[in-house]
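Thanks, everyone; I would like to use my few minutes on side-chain packing and aromatic rings. Please have the sequence and the structure open as I go.

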Amino acid sequence: MNVTRILTVAILLLAGISTILRADDPSQTKNNLKQIALGMHNFHDIYAAFPPPVITDKNGKPGLSWRVYILPLIVGGRPLYDQFHLDEPWDSEHNKQLIEKMPDVYQSPNDPALNQKGKTRYVVPRGAGTMFEKDGKEGEFLQLGPKISDITDGTSCTIMTLEVHPDAAVIWTKPDDLVIDFKNPLKGLKSASTGGFHVGMADGSVRF
C-alpha cells in the first residue's frame, strides 16, 4: 500500500470517527431543551400558565404550535414570531412559508435532513396522565394550558418536553406532539439518541 493510499484510508477512518462522534451531541440537545424550558417558564411568568399543546380557531381547525407561541420568550425569536399570522392555521398560505425558517433551538444537531424539512424532534407528551393532556379552548385567540399548580407530582418529577426518535419528528409550526401510549411508553422515544433519549422536566432541568 503506497503513501497516498495510506493517507486516503487514514482520512476516511478519521472522517468516520468524526461522524460517529457527531452522531449524538448531548450537550447541544440538552442546551436546546433548556432554552425551550426557559421559554415555557417565561410564558408561565406572563400568563400564569404554560401554553396548551393544541390551539384551534373558531372553526375547530388546529392553529399554531406552542413552539411558535414561546418564540418571543426565547433569545432571538421575536423577529420570526412577528412574521406569523396568529389568526391563521399553521398551514395557511402565509404561515407555511415560515416552516423553512425553523430556529436553531428546535433543530436537532444530528439531523440536517429533518432540519431542512422544518421538522423538529422536540415535542411535549400528550394524552391522559401527561402534563399536556388537555387542548386549548376552541375559538379563543390567547389560550392557556396547564399551570404549575396543576402539576401535583411536582415539577422535578414531571416530564414537560421530549426528544423523540427521528421517525416521530413533526413540523415545528404544526400543533403536533407525541401521544403517549402507556402500554408501549417508549414508542417514538427509544434510541432517539445512542443509549436512550433526553427529557426536559417541568422544573427546567434536562435528564437523559
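Let me start with Y47, which in this predicted model counts as partly exposed, at 34% relative accessibility. Y47 lies in helix α2, and together with I46 and L144 it forms a nonpolar patch on the surface, for which the accessible area comes to about 270 Å² in total.

Now, which residue forms an aromatic pair with Y47? The partner is F43, and the arrangement is tilted, with 4.6 Å from centre to centre and 50° between the planes. The angle falls in the tilted class because stacked requires planes under 30 degrees apart and edge-to-face requires over 60. As for their places in the chain, F43 and Y47 are separated by about one helical turn, because they are 4 residues apart in helix α2. The two rings sit in unlike surroundings by the accessibility rule: F43 is buried, with a relative accessible area of 2%, whereas Y47 is partly exposed, at 34%.

By the ring criterion used here, the count comes to 3 aromatic pairs, and another of them is F84 with W172, an edge-to-face pair at 5.8 Å centre to centre and 85° between the planes. This pair links distant parts of the chain, since F84 is in the loop between α4 and α5 (112–116), W172 is in the loop between β5 (170–171) and β6 (178–179), and the two are 88 residues apart. Are these two rings buried or exposed? F84 counts as buried at 6% relative accessibility, and W172 is buried as well, with a relative accessible area of 0%. If we follow the ring pairs further, they link F84 and W172 with Y106 into a cluster.

That brings me to the nonpolar interior, where, as a general point, nonpolar side chains in soluble globular proteins tend to be buried together. In this model, the largest nonpolar core has 32 residues, and those with the most contacts inside it are I36, M40, Y106 and W172, so two members of the ring cluster, Y106 and W172, reappear in that list. Helices α2 (26–47), α3 (66–69) and α4 (78–81) each supply at least two residues of this core, and the largest share, 5 residues, comes from α2. There is also a second, separate core of 10 residues, which includes V123, L162, L189 and F197.

I will stop there and take questions.

Methods. Residues are numbered from 1 along each chain as its sequence is written. This is a predicted model: local features need pLDDT of at least 70, side-chain atom pairs count only at pLDDT 80 or more; totals for chains, interfaces and linings use all residues. Side-chain values use heavy atoms; hydrogens and water are left out. A nonpolar core is a set of buried Ala, Val, Leu, Ile, Met, Phe, Trp, Tyr and Cys residues joined through side-chain atoms within 4.5 Å. Buried means under 20% relative accessible area, exposed over 50%, partly exposed in between (1.4 Å probe, protein chains only). Rings of Phe, Tyr and Trp (its six-membered ring) pair if their centres lie within 6.5 Å; planes under 30 degrees apart count as stacked, over 60 as edge-to-face and the rest as tilted. Patches are made of residues with over 30% relative accessible area and no salt bridge: like charges are joined within 9 Å, nonpolar side chains (Val, Leu, Ile, Met, Phe, Trp, Tyr) within 5 Å. Accessible areas come from the Shrake-Rupley method with a 1.4 Å probe; for residues, only the protein chains shown count as cover. A salt bridge is a side-chain nitrogen of Lys or Arg within 4 Å of a carboxyl oxygen of Asp or Glu.
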